[in-house]
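Hi,

Here is the model I said I'd pass on. Have a look at it first, and my notes follow underneath.

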Amino acid sequence: NLTGRQKEILQLITEGHSTKEIADILCISVRTVERHKYNMMQELKLKTTADLVKYAIKQGITFI
């Protein structure tokens, strides 16, 4: 149940972009990117960025 913005950020994470790069691409603050990432991890009960990437692959949000 991720929002469109969360899916967008998750896609960029899986592509290997840093938080700053994601913020620049989406024209939002680094803090906002971090908050979205934190919220996704809390909602999905995940602990690491690697867990987020695995989730994205399993859900078909990204193709690596």
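The buried residues of H4 pack against H1 and H3, where buried means under 20% relative accessible area, exposed over 50% and partly exposed in between, with a 1.4 Å probe and protein chains only. Packing contacts here, like every contact below, are heavy atoms within 4.5 Å. The helix labels come from DSSP runs (H or I, at least four residues; strands would be E, at least two), numbered from the N terminus. Before going further: this is a predicted model, so local features need pLDDT of at least 70 and side-chain atom pairs count only at pLDDT 80 or more, while totals for chains, interfaces and linings use all residues. Residues are numbered from 1 along each chain as its sequence is written, and side-chain values use heavy atoms, with hydrogens and water left out.

Back to H4. Its buried residues are Leu52, Val53, Tyr55 and Ala56. Seen down the axis of H4, they fall within an arc of 160 degrees, so they line one face of the helix; the arc is taken from the directions from the helix axis to the C-beta atoms. Elsewhere in helix H4 sits Ala50, which is partly exposed with a relative accessible area of 46%. Just after H4, Gly60 takes a positive phi of about 75 degrees.

Now the two partners of H4.

With H1, the packing angle is about 110 degrees and the axes are 10 Å apart. Axes are lines fitted to C-alpha atoms, for helices over the stretch in contact, and the angles run from 0 to 180 degrees between N-to-C directions. H1 and H4 are therefore roughly perpendicular to each other; the bins are under 35 degrees for roughly parallel, over 145 for roughly antiparallel, 65 to 115 for roughly perpendicular, and oblique for the rest. On the H1 side the contact uses Leu10, Ile13 and Thr14, which meet Thr49, Leu52, Val53, Tyr55 and Ala56 in H4. Sorted by type, the residues of this contact are six nonpolar, two polar and no charged. For that sorting, Ala, Val, Leu, Ile, Met, Phe, Trp, Tyr, Cys and Pro count as nonpolar, Asp, Glu, Lys and Arg as charged, and the others, Gly among them, as polar.

With H3, the angle is about 70 degrees and the axes are 11 Å apart, so H3 and H4 also come out as roughly perpendicular to each other. Lys37, Met40, Met41 and Leu44 of H3 make this contact with Thr49, Leu52 and Tyr55 of H4. The split here is five nonpolar, one polar and one charged.

H2 (residues 19-26) buries Ile22, Ala23 and Leu26. These cover an arc of only 100 degrees around the axis, which puts them on the same side of H2. They pack against helix H1 (4-14) and helix H3 (30-44).

What ties the helices together? The elements that give two or more residues to the largest nonpolar core are H1, H2, H3 and H4. That core has 16 residues, and Ile9, Leu10 and Ile22 touch the most other members. By nonpolar core I mean a set of buried Ala, Val, Leu, Ile, Met, Phe, Trp, Tyr and Cys residues joined through side-chain atoms within 4.5 Å. Leaving aside neighbours within four places in sequence, Leu10 is in contact with Leu2, Met40, Leu52, Tyr55, Ala56 and Ile61.

Arg5 is worth a click too. This H1 residue is partly exposed, at 31% relative accessible area. Beyond neighbours within four places in sequence, Arg5 is in contact with Leu26, Ile28 and His36. Arg5 and His36 are 31 residues apart in sequence and 8.2 Å apart in space, C-alpha to C-alpha.

Last, some backbone angles. Most residues other than glycine have a negative phi. Cys27, in the loop between H2 and H3, has a positive phi near 55 degrees and is exposed, with a relative accessible area of 70%. Lys45, in the loop between H3 and H4, has a positive phi of about 60 degrees although it is not a glycine. Lys45 is exposed as well, at 73% relative accessible area.

Cheers
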